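The following exercises concern the reading of a protein model from its coordinates. Each task is followed by a solution in steps.

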Amino acid sequence: MEDSMNNPPETESTTTNGVQIRQSRRLPDFLQSVNLKYVKLGYHYLITHLLTLCFVPLIAFVIFQASQLNPNDIHQLWLHLQYNLVSVIICSVFLVSGATVYIVTRPRSVYLVDYACYKPPAKLQVQYQQFMEHSKLTGDFDDSSLDFQRRILERSGLGEETYVPQAMHYIPPRPTMAAAREEAEQVMFGALDILFANTNIKPKDIGVLVVNCSLFNPTPSLSAMIVNKYKLRGNVRTFNLGGMGCSAGVIAVDLAKDMLQIHRNTYAVVVSTENITQNWYFGNKKSMLIPNCLFRVGGSAVLLSNKAKDRRRAKYKLVHVVRTHKGADDKAFKCVYQEQDDAGKTGVSLSKDLMAIAGGALKTNITTLGPLVLPISEQLLFFSTLVAKKLFNAKVKPYIPDFKLAFDHFCIHAGGRAVIDELEKNLQLLPIHVEASRMTLHRFGNTSSSSIWYELAYTEAKGRVRRGNRVWQIAFGSGFKCNSSVWEALRHVKPSTSNPWEDCIDSEDHEMKFSFIQILIASSVLPNFLDEMAICFPITNEFWFCSPDKGTLLHDTGTDTQHEGLGNSHGLRIKGLFCMVLERIRNIEGLGNSHGLRIKGLFCMVLEWIRNIEGLGNSHGLRIKGLFCMVLEWIRNIEGLGNSHGLR
């Protein structure tokens, strides 16, 4: 590794269309990288089991000494205890008293018995074309707003099978109070019916009920609607949380946990949802149009218990809840803000500073969470780096703890593709760790506070949750808040009946269909399709537009334009750096030229490094040159590659 640092790889420079391209002739030293990886794993295991390794010689020594005792030594020890009977009794009393106080005052364990996610009927599904057609027919949006919504949908990561409420399927829409109540009842009662059926719990047994819905708070409350529907007992403790955004699901779990510490031997139900019917924006302010494109119908119901007997059948045990609130900062407070536009139309505005504020909240949250969950090996590395930077003013990068050593599964709030991408990059996660979040966003959209439960249901449906696994649920919400909950699996978890993924988890039609480059290849054959075609790179969330001038890519950062030299008179040349590409890409069709190149198949588990791919071409001159980082790891089921001239 040191040799590769001290001797940078040889490069050659070429100039094409005034753009200088540098190509590396040498691949990275994979052997050194692998060795470093195993050195770090060895260090982690050594530090983690350090106490065990120290106690083994001590225990061996004690056993050896005990084996040397003869009957006379044992008799002398017994006589010594008899002569000091008072001391023995006092020590015993202290031990028993201390154990009793500990057992009585220790926090009660909170178990997640089961949970359910609502899956709307197929008639509520909305496709891109239908969404845009209805938006146009309402007459509320101008051409600029319609085009903006179309571009947001194309890069949002949402699929063609997400759900919007019944009121939005009418033309014109019917956002009435009655329709909003109907949506709330369908979602909440649908999830609760599944939960009660799966757990065989009678509604009368519920002692605590917590409902969170940010934007719809009628009178009587949503919690009162549930009490009336299921005829809950008169002394049930009910709570209705409003205006707390997409992170309210974790807040509701925290509130239920606190209530279960007070009330013995009872059940708590947490219902998380969001209501869209009366919160659809019908104006033309760009920052307020984004929620229309992202938020979809969904909800969850979670059954918690503090009964010791429920441990045997529970799925998870609640380990930690960490909450972070940045509301004292004005920018953070207003980055997700419900307001009226100049025309008096109400909607939720998203600030351009949202990602930066979310990053700051995340940093604060994991700073608190890290010492609770990270192994001692990671904490020592972080502490040593911090000391070196503070005391010695060393020019070293701050060490980012490896949270993959603390958690086995990650449920990142599916607020949008950019949110998932940034957490994947900043926490150095692998594509499989964010698969549940991407799939939830694609299949169900942003279901607000319930999205983390759809993600956990996806992980269970895949059969990945094993006994002892730790799950990290992390969500962001208005205010601005970042909240985390940590669960530990008590057994090998199988998906419950009516899992929202049960009919599509193994279907290719419901896999992620993100096209990280949506562009027709053969610019010499199809030049018209290259005019103003938008590309959004999933990691940087930047827009790229194709210019009709020789297929040049224009990088739109808002302040400048960069030309990367994409294409020439004979075809298309892609040169550059693609990193952290999406884990799964399926069913890519129609990438072709006049001779018909078609690629179909399953791409999964992204390759770490592929570099210097050159000379992929045919008679029309398709050439791909560049540096590909973190490209797909496994490529399966590739069919029909080739044409009459052959694939090179």
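**Exercise 1. Contacts and overall make-up**

Determine what share of the contacts with a separation of 6 or more is due to residues 24 or more positions apart.

Solution. In this predicted model, residues 24 or more positions apart supply 73% of the contacts in the protein with a separation of 6 or more. The secondary structure comprises 17 helices and 27 strands. Of the 648 residues, 46% are buried. The exposed area is about 33,100 Å², and 57% of it comes from carbon and sulfur atoms.

**Exercise 2. Two aromatic pairs**

Classify the ring pair Tyr-115 and Trp-453, then the pair Phe-196 and Tyr-230, and locate each ring in the chain.

Solution.

Step 1. The protein has 17 aromatic pairs by the rule applied here. Tyr-115 and Trp-453 are one such pair, with 5.3 Å from centre to centre and 45 degrees between the planes. An angle that is neither under 30 nor over 60 degrees counts as tilted, and the pair is accordingly tilted.

Step 2. Tyr-115 belongs to strand 3 (residues 111-117) and Trp-453 to helix 17 (residues 451-461), so the pair ties together parts 338 residues apart in sequence. The cut-off for a buried residue is under 20% relative accessible area. Tyr-115 has a relative accessibility of 5% and therefore counts as buried; Trp-453, at 1%, is buried as well.

Step 3. For Phe-196 and Tyr-230 the ring centres are 5.3 Å apart and the planes stand at 75 degrees, so this pair is edge-to-face. Phe-196 lies in helix 8 (residues 177-199) and Tyr-230 in helix 9 (residues 222-230), and the pair links distant parts of the chain, 34 residues apart. Phe-196 is buried at 12% relative accessibility, and Tyr-230 is buried at 13%.

**Exercise 3. The span and bend of helix 13**

Compare the end-to-end distance of helix 13 with its expected span, and find where the helix bends.

Solution.

Step 1. Helix 13 (residues 354-373) has 20 residues. The expected span is 1.5 Å times one less than the number of residues, which gives 28 Å for this helix. Its end C-alpha atoms are 27 Å apart, in agreement with that value.

Step 2. The bend in helix 13 is about 30 degrees and occurs at Thr-367; a proline, Pro-371, follows within four residues.

Step 3. An α-helix has 3.6 residues a turn, so residues three or four places apart point the same way. The buried residues of helix 13 include Leu-354, Ile-357, Ala-358, Ala-361, Leu-362, Asn-365, Ile-366 and Leu-369.

**Exercise 4. The surroundings of helix 16**

Is helix 16 mostly covered or mostly open, and which elements do its buried residues pack against?

Solution.

Step 1. Helix 16 (residues 435-444) is mostly covered, with 10 of its 10 residues buried. Among them are Glu-435, Arg-438, His-442 and Arg-443.

Step 2. The buried residues of helix 16 pack against strand 4 (125-126), helix 7 (143-156), strand 5 (162-163), strand 13 (409-412), helix 15 (417-426) and helix 17.

Step 3. Arg-443 lies over the face of Phe-444, 4.9 Å from the ring centre. Phe-444 also belongs to one aromatic cluster with Tyr-163, Tyr-454, Tyr-458 and Trp-501. Just after helix 16, Gly-445 takes a positive phi of about 75 degrees.

**Exercise 5. Ala-191 and local backbone features**

Describe the environment of Ala-191, and then locate the cis peptide bonds and the positive phi values at Ser-498 and Asn-265.

Solution.

Step 1. Ala-191 is found in helix 8 and is buried, with a relative accessible area of 0%. Beyond residues up to four places away in sequence, Ala-191 touches Ala-116, Tyr-118, Gly-299, Ser-300 and Ala-301.

Step 2. The C-alpha atoms of Ala-191 and Ser-498 are separated by 9.8 Å, with their positions 307 residues apart along the chain. Ser-498 is not a glycine, yet its phi is positive, about 65 degrees. Ser-498 sits in the loop between strand 15 and strand 16 (534-536) and is partly exposed at 31%.

Step 3. Asn-265, also not a glycine, has a positive phi of about 45 degrees. The residue lies in the loop between helix 10 (248-262) and strand 8 (267-273), and Asn-265 counts as exposed at 56% relative accessibility.

Step 4. The peptide bond from Ile-171 to Pro-172 is cis, with omega near -5 degrees; Pro-172 is in the loop between strand 5 and helix 8. Gly-479 and Phe-480 are likewise joined by a cis peptide bond, with omega about 10 degrees. Phe-480 falls in the loop between strand 14 (470-477) and strand 15 (481-489).

Terms used. Residues numbered from 1 in each chain as written. Predicted model: local features only at pLDDT ≥ 70, side-chain atom pairs only at ≥ 80, totals over all residues. Heavy atoms only, no water. Helix = DSSP H or I, 4+ residues; strand = E, 2+ residues; numbered from the N terminus. Buried < 20%, exposed > 50% of the residue type's maximum accessible area, 1.4 Å probe, protein only. Contact = heavy atoms within 4.5 Å. Areas by Shrake-Rupley, 256 points an atom, 1.4 Å probe, with all protein chains shown as cover. Phe/Tyr/Trp six-rings, centres within 6.5 Å; stacked < 30°, edge-to-face > 60°. Lys NZ or Arg CZ within 6 Å of the ring centre and 35° of its normal. Bend = angle between axes of the 7 residues up to and from the residue.
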